[in-house]
Amino acid sequence: MRSCLLFVLVSVAVVGPGVQGTNAQPAPVNTLRFDLTLDKKTYEVGEPIVLTLRLTNPGNLPLKMPTSSEVTGRHDGYSFQVQNDKREALKDPCHEYIALMHSLGGSESVQPGDSYTRDLLLNYRVPPLEPGKYTVKGTLQPRGEGQKAQAESADVTFQIVATPPANLEKRVAQLAEDLRAGGDARRLAPQLGFTGHAGAATPLIDLLYAEAEGAQVAAAQALLYLDKDTVKKSLFDSLRTRGPRDRMIYHLVVRLQAKAEEVTPLLVRWLEDKDGATRHAAVYGLALSNVGKAPGPDLFPLLEVRLKDPLATVRHGAAAAVGAYQNAAALKALKAVVHDPDAGVSSQATTAVGWVAAAAKPDSAVRKEAIEVLRDVARSGGRPAEQATYWLGKIENK
């Protein structure tokens with residue numbers, strides 16, 4: 001018999017209009033019952049906490065339940081209130097920012113008397129839990145036009161038991177081994193993050209170098225569950241020895257607020273690396289870490305060279321980075337790229353010329369030359385021409 005705790009149901013009913021009287025038909029009633037079970041009563045630190053959600057329609061009208069590929073249930077309207085034994089609510093960290101953008105959604109009709117069941121991991125909705133007693137309550141407020149049903153569960157108690165460090169290290173080691181053996185990174189990476197263990201940083205950073213985007217996304221999200229200082233140090237170590245990757249740089253600069261003076265010297269050495277992904281990440285990192293300003297005059301010649309890179313994604317990033325200088329030198333460099341054979345590069349270079357034109361003084365030689373470049377691109381047709389037309393309208397209407 002499975003060890004679990006069954007939630008006492010609480011229903012919220014939406015009652016349609018009806019006529020009262022002995023000959024009246026029963027008023028249509030939509031009710032939704034929310035039963036929730038935990039797969040166990042006790043868990044070790046970092047162990048997955050599986051919630052099974054059972055939604056039953058005891059009414060006389062069909063109910064449409066939202067369904068999606070988003071792993072936390074947040075997109076479908078599920079929320080969970082978790083409290084410790086002091087009745088302090090634990091804040092949902094909301095770390096799945098990428099998963100929400102990539103989820104696919106739909107709905108499933110639940111007929112009267114039928115149920116809809118799905119499993120979710122509570123770990124996504126709480127920080128790594130320390131030993132102690134906790135309660136969890138589930139709420140569903142489905143989204144969708146005309147959908148008004150709401151349901152709430154009762155509190156259920158579970159416990160995180162004191163876990164020997166060796167047990168946690170063993171879990172991390174096993175998950176890392178499963179990854180090396182070709183296991184599904186989208187499933188294993190979150191479980192590494194849920195441990196909250198410093199040792200999980202290394203296998204997760206390894207995934208940032210994987211070719212599969214899904215593995216990179218999962219690793220980037222899982223790193224958010226670990227200690228920030230530990231992750232920052234590990235990412236800097238990897239940047240020094242293995243080179244940059246886009247999501248690594250984003251995590252350092254945006255999530256961990258690494259300073260430009262910390263990141264820039266480590267990126268410069270990788271600008272001419274033989275690996276295209278490394279060169280692209282280096283250019284991207286220089287632009288991202290200096291957002292709102294040019295990366296610095298000493299870096300301009302290095303970025304200008306990348307406008308001739310054999311890889312289109314590198315040229316694209318370099319066009320954005322060079323455009324940030326917004327001066328005559330930038331315009332001169334970009335003129336050679338606005339007609340790049342890659343439409344994406346050409347569009348970015350055209351946009352960068354627009355930045356130069358907008359920043360230049362009215363009636364200056366730089367603005368006049370930039371406008372001529374934009375007019376030339378506008379006559380060429382295609383996506384770059386659309387960008388040129390946009391910037392011409394923006395500048396000429398000032």
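Where is R125 found?

1. R125 is found in the loop that runs between strand 8 (115–121) and strand 9 (132–140). The model discussed here is a predicted one. R125 counts as buried because its relative accessibility is 4%, and the cut-off for buried is under 20%. Leaving aside residues up to four places away in sequence, R125 touches T72, G73, R74, Y78, S79, F80, K91, D92 and P93.

2. Next, the enclosed space. Two cavities of 30 Å³ or more are present in the structure. The largest cavity holds about 80 Å³ of space. Its lining consists of E44, V45, G46, E47, I49, N123, V126, P127, P128, L129, I160 and F194. Sorted by class, the lining of the largest cavity has eight nonpolar, two polar and two charged residues.

3. The second largest cavity has a volume of about 40 Å³. Its lining is made up of E96, Y124, P190, F194, A218, Q221, A222 and Y225. Helix 3 (185–195) and helix 5 (213–223) are the elements that give two or more residues to this lining, and the largest share, three residues, comes from helix 5. By class, the lining of the second largest cavity divides into six nonpolar residues, one polar and one charged. F194 appears in the lining of the largest cavity and also in that of the second largest cavity.

4. Now the open space. The second largest pocket contains about 280 Å³ of space. Its lining comprises 17 residues, and A287, L288, V291, A320 and W355 lie nearest the centre. Helix 9 (276–289) and helix 11 (312–323) each supply at least two lining residues; helix 9 gives the most, with five. The class count for the second largest pocket is ten nonpolar, six polar and one charged residues.

5. Which residues of helix 12 (residues 328–335) are buried? They are A330, L331, A333 and L334. These residues cover an arc of only 165° around the axis, so they lie on the same side of helix 12. An α-helix has 3.6 residues a turn, so residues three or four places apart point the same way.

6. The buried residues of helix 12 pack against four elements: helix 10 (300–305), helix 11, helix 13 (343–359) and helix 14 (365–378). Helix 11 is also one of the elements that supply residues to the lining of the second largest pocket. At the N-terminal end of helix 12, N327 acts as the cap, with a side-chain oxygen 3.3 Å from the backbone nitrogen of A329.

Methods:
Residues are numbered from 1 along each chain as its sequence is written. This is a predicted model: local features need pLDDT of at least 70, side-chain atom pairs count only at pLDDT 80 or more; totals for chains, interfaces and linings use all residues. Side-chain values use heavy atoms; hydrogens and water are left out. On a 1 Å grid over the protein atoms alone, a cavity is a set of points where a 1.4 Å probe fits but cannot get out, and a pocket is an open set with protein on both sides within 12 Å along at least five of seven lines; lining residues have an atom within 4 Å of a point. Grid points are joined across faces, edges and corners, and a volume is the space filled by probe spheres set on the points. Ala, Val, Leu, Ile, Met, Phe, Trp, Tyr, Cys and Pro count as nonpolar, Asp, Glu, Lys and Arg as charged, and the others, Gly among them, as polar. Buried means under 20% relative accessible area, exposed over 50%, partly exposed in between (1.4 Å probe, protein chains only). The arc is that of the directions from the helix axis to the C-beta atoms. Contact means heavy atoms within 4.5 Å. A polar contact is a pair of N or O atoms within 3.5 Å; within protein, one must be able to donate a hydrogen and the other to accept it, and residues adjacent in sequence count only if both atoms are side-chain atoms.
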